[in-house]
Amino acid sequence: MKSTRKKNYSKWYHEIIEKSELAEYSGVRGFMIIKPYGYALWEIIKNELDKILKNTGHENVYFPLLIPKSFLEKEKEHMEIFSEGCAVVTHSRIKKNEKEKHLVVDYQSKLREELVIRPTSESIVWNTYQRWIQSYRDLPILLNQWGNAVRWEMRNRLFLRNSEFLWQEGHTAHATKEEAFKETEKMLNVYTNFSKNFLAIPVIKGIKPHTEKFQGSKMTFCIEALMQDGKSLQMATSHFLGQNFSKAFNVKFTNYDGTKHYAWGTSWGTSTRLIGGLIMSHADDMGLIIPPKIAPIQVVIIPIYHKNIKDHLIDELSTTILHCLEKQKIRVKYDQRKQFTPGWKFHEYEMKGIPIRIHIGLKEIKSKIIEIVRRDTHEKRSIVIDKIHNIIIKLLEKIQNNLYEKSLVRTQQSIIQIDQYQKFKEQLNGPGGFILSHWDGTDETLKKIQKETEATIRCIPFSYGKKQGHCIYSGRVSQQRVVFSKSY
RNA sequence: CGGGGUAUAGCGUAGUUUGGUUAUCGCGCCUGGUUUGGGACCAGGAGAUCGUAGGUUCAAAUCCUGCUACCCCGACCA
């Protein structure tokens with residue numbers, strides 16, 4: 001690593017991704033290539049979250065990538081959406097031009113209706129629900145989709161803001177408002193727990209103010225995490241849609257008493273952005289640090305060959321340990337490559353954030369005592385070989401907890417109550433953090449604060465500052481504190 | 001879309017101001033050998049139509065013009 005967090009955070013962020021081989025920019029502006037190591041990480045995140053979503057009663061489906069423009073128009077009539085940058089498909093054929101030099105769009109093939117590459121799927125889902133929902137017995141519908149979405153962004157950042165991203169989007173329909181609202185809350189808690197237990201990232205839960213919410217929703221809940229540079233990142237959202245989409249797409253059902261009602265909806269999602277959050281929460285100036293529960297490789301065994309010992313003796317001991325750990329369902333790799341020296345490998349796996357390294361060399365063969373190294377603390381330990389699997393399992397847990405504890409302490413230290421605007425500005429220009437201040441509830445105040453400080457309200461938190469006070473900007477009465485922060 | 005910048009081997013670069021032999025260096029790559037406990041060393045080797053199209057000139061990576069791509073800064077945002 002050349003850059004450090006202190007010197008240039010943004011450069012550091014990109015260097016981590018490049019050197020640890022998570023992803024890179026592609027030949028298409030704004031679109032990234034997720035490389036094998038990055039994709040392995042996403043697959044584990046996906047698989048773990050998928051299990052949880054299935055346990056909460058949701059089924060996976062797949063809806064089309066392309067959405068008729070008219071669907072979005074319906075949405076617009078009812079909800080005033082659409083500031084979104086969208087990619088639009090207008091033609092279905094390309095051909096060679098007369099000189100046979102270039103491929104050109106065949107204008108003869110213009111589509112009758114233009115198709116939008118999904119920026120999100122509510123419209124096509126609710127268009128479908130119209131056909132699927134007739135009776136209260138059809139409800140609830142609890143579906144989830146793993147896929148991609150395209151939002152044409154002007155400025156890009158690997159994992160944080162790309163024109164295309166991978167995500168999951170849940171879409172549910174319910175007979176009652178209460179049930180839909182409970183679902184919205186439930187899914188927010190699912191994300192909160194997932195972030196805590198798997199990603200080792202603590203979050204603040206809250207509601208988005210009007211200016212920040214998904215415009216198709218009645219209410220947007222979110223979880224916000226604090227990065228090491230004092231800026232916040234939205235990790236997931238959960239929307240209470242009310243009857244917005246059922247009204248837009250005329251989704252009515254007959255209740256048990258014969259009355260007709262519009263269905264109530266929710267939608268919720270999280271994306272490959274989580275990987276950006278992971279990096280900015282845990283990584284250090286030596287590279288990535290991945291929490292064991294989602295690490296594609298949890299333990300790496302590195303042989304240290306030497307002229308005074310036969311290679312196969314080292315390989316035998318290493319393989320024994322490899323199999324022993326594999327039996328415990330630990331994701332372990334034995335790196336036998338001869339073209340790299342042990343030192344080179346130490347750096348590589350540090351860069352890639354593998355939680356535990358095991359070194360097998362002359363010393364280990366002779367003494368049957370093994371050297372292991374933790375990525376998070378760099379602590380070296382010598383352990384007796386027969387106890388290895390117990391120790392590794394416990395150590396993986398310990399690393400997972402340590403990463404969470406460290407992030408929790410860092411985040412808690414950066415949650416600050418401020419009541420004077422001057423101090424507010426100084427905090428934002430300096431260390432940043434989650435700033436709890438009063439707000440008068442107007443868009444006007446928000447805009448002015450954003451212009452002067454670059455900070456926005458990340459959320460109206462559920463569990464902080466419920467006391468009355470005075471707006472930090474206007475001095476008017478405010479019912480509770482909200483979370484201000486600069487954000488990604 | 002506006003404003004600025006860059007383009008030379010897989011990557012990073014020197015050379016461009018002031019045109020002149022065979023385009024510099026490092027990393028990486030290939031072959032052989034010695035090594036291996038925190039990014040090893042020696043010897044040999046391959047790899048570049050200097051972004052692209054045209055122009056000026058005896059001569060262009062170097063000067064001129066058009067085009068393209070990418071990066072940085074603003075407006076859009078999970």
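Colleague: Which element gives the largest share of the surface near RNA strand B?

Modeller: That is H9, with 8 residues. Keep in mind that this is a predicted model.

Colleague: What makes a residue count as near the strand?

Modeller: Its C-beta atom must lie within 6 Å of the strand. There are 36 residues around RNA strand B. Met154, Gly343, His359, Gly361 and Lys363 come nearest.

Colleague: Which elements give two or more residues to that surface?

Modeller: They are strand S13 (232–242), helix H9 (342–351), helix H10 (362–367) and strand S20 (369–374).

Colleague: How do the residues of that surface divide into nonpolar, polar and charged?

Modeller: The surface near RNA strand B has 11 nonpolar, 12 polar and 13 charged residues. Mind how glycine is sorted, because Gly counts as polar here.

Colleague: Let us turn to the loop between H10 and S20. Which residue is found there?

Modeller: Lys368 is found in that loop.

Colleague: Why is Lys368 called exposed?

Modeller: Count the neighbours. Lys368 has 11 other C-beta atoms within 10 Å. The cut-off for exposed is 12 or fewer. Therefore Lys368 is exposed.

Colleague: What is notable about the phi of Lys368?

Modeller: The phi of Lys368 is near 60°. That is a positive value in a residue other than glycine.

Colleague: Which other lysine has a positive phi?

Modeller: Lys329 has one, with phi near 65°. Lys329 sits in the loop between helix H8 (311–327) and strand S18 (332–334).

Colleague: Is Lys329 buried or exposed, and what makes it so?

Modeller: Lys329 has 9 C-beta neighbours inside 10 Å. Exposed means 12 or fewer. So Lys329 counts as exposed.

Colleague: What about Ile369, in strand S20: buried or exposed?

Modeller: Ile369 has 11 C-beta neighbours inside 10 Å. With the limit at 12 or fewer, Ile369 counts as exposed. The C-alpha atoms of Ile369 and Gly38 are 34 Å apart. Along the chain, these two are separated by 331 residues.

Colleague: Now a glycine. Why is Gly265 called buried?

Modeller: Gly265 lies in strand S16 (residues 264–271). There are 31 C-beta neighbours inside 10 Å of Gly265. Buried needs 20 or more. Therefore Gly265 counts as buried. From Gly265 to Ile52, C-alpha to C-alpha, the separation is 20 Å. In the chain they are 213 residues apart.

Colleague: How do you know that a glycine can be counted by C-beta atoms?

Modeller: The C-beta atoms are placed from the backbone.

Colleague: What makes Ile297 partly exposed?

Modeller: Ile297 has 19 C-beta neighbours inside 10 Å. Buried takes 20 or more, and exposed takes 12 or fewer. The value 19 lies in between, so Ile297 counts as partly exposed. Ile297 is in the loop between helix H7 (273–282) and strand S17 (299–303). Ile297 and Glu164 are 133 residues apart in sequence and 27 Å apart in space, C-alpha to C-alpha.

Colleague: Why does Asn60 get the label partly exposed?

Modeller: Asn60 has 13 other C-beta atoms within 10 Å. Exposed stops at 12. Buried starts at 20. So Asn60 is partly exposed. Asn60 belongs to strand S3 (residues 59–60). Its C-alpha atom is 4.7 Å from that of Asn144, although 84 residues separate the two along the chain.

Colleague: On to helices. Why is H8 called oblique to H11?

Modeller: The axes of H8 and helix H11 (residues 388–413) cross at roughly 55°. They come within 10 Å. Roughly parallel means under 35 degrees, and roughly perpendicular runs from 65 to 115. The angle falls in neither range, so H8 is oblique to H11. The crossing is right-handed.

Colleague: Where is there a cis peptide bond?

Modeller: The bond from Leu139 to Pro140 is cis, with omega near -5°. Pro140 lies in the loop between helix H4 (122–132) and strand S9 (141–150).

Colleague: How many helices and strands does chain A have, and what share of its residues is buried?

Modeller: Chain A has 13 helices and 27 strands. Of its 488 residues, 39% count as buried.

Colleague: How confident is the predictor?

Modeller: Chain A averages a pLDDT of 93, and 97% of the residues score at least 70. The complex gets an ipTM of 0.90 and a pTM of 0.96. Where pLDDT is low, coordinates should not be read in detail.

Technical notes. Residues are numbered from 1 along each chain as its sequence is written. Chains are lettered from A and ligands numbered from 1 in the order in which they are written. This is a predicted model: local features need pLDDT of at least 70, side-chain atom pairs count only at pLDDT 80 or more; totals for chains, interfaces and linings use all residues. Helices (H or I, at least four residues) and strands (E, at least two) are DSSP runs, numbered from the N terminus. pLDDT is the predictor's confidence in each residue, from 0 to 100. Axes are lines fitted to C-alpha atoms, for helices over the stretch in contact, and angles run from 0 to 180 degrees between N-to-C directions. Angles under 35 degrees count as roughly parallel, over 145 as roughly antiparallel, 65 to 115 as roughly perpendicular and the rest as oblique. A crossing is left-handed if the near helix is turned anticlockwise from the far one by less than a right angle, and right-handed if clockwise.
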